[in-house]
Structures are given as structure tokens and as C-alpha cells.
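Me: I have a model open and would like to learn how to read its domains and its sheet. Could you walk me through them?

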Amino acid sequence: MRSLADLHQCRRLVVKVGSALLVEQGQPRVDWLDRLASNLHSLRTQGIELIVVSSGAIALGAAKLGLPDGGRRNLADAQAAAAVGQIELARLWSNSFAGFEMTAAQMLLTLEDLEDRRRYLNVSATVERLIETGAVPVINENDSVATEEIRFGDNDRLAARVAQAAGADAVLLLSDVAGLFDRDPRDEAAQLVPTVDGITPDVLAMASSSSSSGLGSGGMASKLRAAQIAERAGITLAIIDGTQESPIANAVAANCGTVFLPQRTDGARKAWLGGRLAPKGTLRVDEGCATALKGGASLLAAGVVGISGAFQRGDLVRILTMRGEELAQGLAEYDADEVQSIAGKRAEDQAQRLGYAPRSAVVHRDHMVLL
Ligand SMILES: Nc1ncnc2c1ncn2[C@@H]1O[C@H](COP(=O)(O)OP(=O)(O)O)[C@@H](O)[C@H]1O
Ligand SMILES: N[C@@H](CCC(=O)OP(=O)(O)O)C(=O)O
């Protein structure tokens with residue numbers, strides 16, 4: 001899919017709905033949700049398999065409990081609000097879908113469900129089975145148990161990771177803006193960017209992390225992080241204006257929104273690795289090593305100039321250049337203290353320091369993804 005007009009070509013689609021669309025002044029927008037359900041139903045009749053990622057639990061629950069909104073809310077309030085709002089949210093989807101003879105299936109995930117390979121595969125299997133049965137998974141973060149360390153914090157990245165896990169070919173982020181603008185859309189000179197063929201630093205600089213509605217969690221910046229995950233996984237991601245009467249049908253008819261084109265298709269395992277969000281440590285490498293990594297080499301101890309974090313063998317680490325640019329991420333072959341003792345050393349010195357024959361690399365290229 002290269003533009004929204006091609007949406008019908010899509011085989012499996014993740015549709016993410018932001019809080020500001022579903023909730024207005026603490027109340028659900030039921031009529032809007034019914035029209036969205038109607039749009040989803042017509043996509044299904046075209047043979048497109050659907051997965052929904054829905055925000056809104058915290059906004060619904062906070063209103064019901066009379067808790068503070070937006071930035072003034074702490075984690076404990078958000079967790080309590082989510083526990084109350086999620087029941088309501090599930091009921092809303094179930095009711096709207098029932099009007100179109102569709103069955104909603106709730107799945108609540110935490111970051112770890114997608115960071116751990118075995119749990120990630122379990123999530124994939126459940127989604128697969130639900131789709132086979134004809135149900136539509138409606139996924140949200142399990143906010144009432146997710147603490148800071150195990151939180152996505154925004155459903156944009158959750159949607160991109162779910163798309164990967166489910167083998168979807170496209171993600172639609174329905175927002176309260178028409179897409180990515182070349183600067184904050186409150187600036188009158190801002191122009192909509194119709195297509196992004198590779199997210200460069202210039203593209204990242206367009207987005208601010210503020211959200212105009214006060215309900216959303218990450219603003220445009222979190223959508224761009226989601227688009228980065230998608231583009232590396234070979235998935236097309238589009239941001240469309242969800243405020244329209246009939247949001248998906250409108251965006252397709254007008255061919256309007258921002259489409260982020262997929263950039264590469266690593267194998268499924270590498271794509272999962274590249275999309276992981278919670279590294280346990282960081283390795284800085286010298287310039288020669290950075291060049292070798294870009295050429296496809298493994299990371300050898302000789303090129304490591306800095307180590308931080310208490311990671312263990314098998315943990316995810318970020319690999320940065322000396323200037324702090326993100327180069328790659330991958331799985332460490334050693335614990336952090338072992339890397340510390342062999343960093344910058346040649347193979348013969350490494351054996352002496354480790355007390356055993358060194359492994360072939362600190363991060364092997366088969367377990368590394370360039371970013
Ligand atoms: N360059 C930009 N282009 C579009 N929107 C932007 C940009 N920079 C910041 N934003 C803000 O991001 C908001 C969308 O994010 P958010 O409110 O979190 O949406 P949602 O609730 O749909 O997830 C927009 O309403 C806008 O205020
Ligand atoms: N999981 C949270 C939503 C988090 C989120 O990403 O919100 P939004 O930016 O409105 O999509 C909830 O259900 O309230």
C-alpha cells in the first residue's frame with residue numbers, strides 16, 4: 001500500500017483509535033464509534049482481516065471516578081482510572097460491533113508481553129486464532145497493572161508492535177489531526193506531509209510530543225516512534241483524520257493522511273528484535289567499529305569504548321556511536337561486567353581476563369539489527 005486509496009489491497013490491518021476520538025468530556029462518543037464500526041465492517045466484507053488497538057480506558061475511568069485529567073494525573077490515578085474505564089471501553093466496542101454482527105475480543109497487554117520472545121509468540125498465536133474464529137481483537141495496554149518500567153505508555157507503539165506480532169501489512173492511526181504536518185499544526189503555515197519515504201532526523205524534528213487534546217499520551221512524537229518500528233518491519237503505517245463522520249471511508253475517498261512507506265523487510269525475528277523497546281544497557285563503539293557494523297559485521301570487544309547498565313548475557317543492549325547516535329540494538333553475548341573487562345582488548349587478552357575462551361562477538365550480527 002503506497003497511498004490510502006490502496007487500502008483495499010491490504011490483507012491484515014491494525015486500526016488504532018486515540019482517546020480524544022472516543023471520549024469527549026468524559027463521555028463516550030457512541031455515534032462516532034458506531035460509524036467507525038460500520039467502516040470496519042465494510043473493510044471486512046472486502047476480505048481485510050482486522051485488529052483494533054483502542055485507547056480511552058483512562059479518560060473514561062478518570063471521568064467516572066472524578067480523578068484529575070491529563071498531566072496532573074499520577075500513575076496510581078491512571079491505573080485506577082484504567083481499571084474502571086476498561087470495562088466500559090470493552091462494553092462500547094462489543095455493543096458497536098454487535099450492530100454489524102461482529103464479535104469483539106478483548107486483549108490487554110503489557111510491554112513485556114511483546115518484549116519477551118516466547119510471550120510475543122503466544123500473543124501472535126492468540127491473535128491468529130481469534131481472527132480464524134471471525135472475532136476482532138480489541139487490544140489495549142493493561143494499564144491497571146503496568147508500572148513505569150513495563151509500560152508502553154502510548155498505544156501508537158503498541159499498535160506497531162501488535163502489527164508485527166500479527167503479521168499485519170498495514171497500521172492506521174486514527175487521530176485528531178489529519179496526519180503529520182511539517183511543523184506544529186497550530187502554526188498557520190503548517191502543511192500536511194502526504195508521504196514519508198524513510199524517517200530522517202528532519203522528519204523527527206517536525207513533531208512535538210505535546211498533544212492538543214490533553215487526553216492523548218504522546219502527541220505526534222509517539223506516532224513517529226511507532227512509524228519507525230513499522231518501517232523497519234516492512235509494514236506501512238498511515239495517520240488519518242479520525243474526527244471525520246466516517247473516518248476510514250473519508251480518508252480513503254479523499255486519499256488524505258500521511259503514509260509512511262516500509263523501508264525494509266528484515267526476517268520476522270530480526271524485525272521483532274529491532275522493535276523491542278526496553279534495552280537493559282548501552283555499548284558505545286569507536287568509529288572503525290561503527291563502520292564495520294554498518295557493513296554487516298558483528299560487534300567485537302576490541303571496538304567497545306563504553307558500557308552502561310547492568311545487563312546480562314541474552315539481554316537487549318543499544319549500540320551507540322561515540323557521539324551518542326543510535327546505531328543498532330542486539331542481544332549481548334556477555335554480562336556487563338564481562339564486557340567491561342574485555343572492552344578494547346584483543347582476543348588473547350580476553351581469554352586471560354575471562355578465564356575461558358572468548359565467544360566470537362560481544363553482539364553477534366545474527367542477533368543485531370541496525371537502526
Ligand atoms: N508536526 C505535527 N503534525 C501533526 N500533529 C502534531 C505535530 N506536532 C504536534 N502535534 C500534535 O499531536 C497531536 C496528536 O497526538 P495525540 O493528541 O496524542 O493523538 P491521539 O489521541 O490521536 O493519539 C495533534 O493534535 C497535534 O496537537
Ligand atoms: N492505554 C491508554 C491510552 C494510551 C494512549 O496511547 O492514548 P492515546 O494517545 O489517546 O492513543 C488508555 O486506554 O487510556
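Reply: Happy to; we will take the domains, then the sheet, keeping in mind that this is a predicted model.

Me: Where do I find the domains along the chain?

Reply: Domain 1 covers 4-263, and domain 2 covers 271-370. Taken over C-alpha atoms, their centres are 34 Å apart.

Me: How many residues of each domain are in contact with the other?

Reply: Counting C-beta atoms within 7 Å as a contact, 12 residues of domain 1 meet 7 residues of domain 2. On the domain 1 side, the elements giving two or more residues are helices H5 (111-115), H6 (117-133), H7 (155-166) and H9 (219-232). H7 gives the most, with 4 residues. By class, that side of domain 1 holds 5 nonpolar, 2 polar and 5 charged residues.

Me: Now the sheet. What holds strands together, and what order do they take here?

Reply: In general, strands of a sheet pair through backbone hydrogen bonds, in a parallel or antiparallel way. Here you have an open sheet of 8 strands with mixed pairing, in the order E5-E6-E4-E1-E7-E9-E10-E8.

Me: Why do E5 and E8 each have one side without a neighbour in the sheet?

Reply: Strands E5 (104-109) and E8 (195-196) stand at the edges with a single partner strand each, so one side of each has no neighbour in the sheet.

Me: Which pair could I zoom in on, say around E7?

Reply: Try E7 (residues 170-175) and E9 (residues 236-241): they run parallel and are joined by 6 bridges. Look for Leu 172, which stands opposite Ala 238 in E9. Then find helix H10 (residues 247-254), lying across E7 and E9 and running at about 105 degrees to E9.

Key: Residues are numbered from 1 along each chain as its sequence is written. Chains are lettered from A and ligands numbered from 1 in the order in which they are written. This is a predicted model: local features need pLDDT of at least 70, side-chain atom pairs count only at pLDDT 80 or more; totals for chains, interfaces and linings use all residues. Domain bounds come from an automatic or database domain assignment. Two residues are in contact if their C-beta atoms, placed from the backbone, lie within 7 Å. Ala, Val, Leu, Ile, Met, Phe, Trp, Tyr, Cys and Pro count as nonpolar, Asp, Glu, Lys and Arg as charged, and the others, Gly among them, as polar. Two strands pair if DSSP finds at least two bridges between them. Axes are lines fitted to C-alpha atoms, for helices over the stretch in contact, and angles run from 0 to 180 degrees between N-to-C directions.
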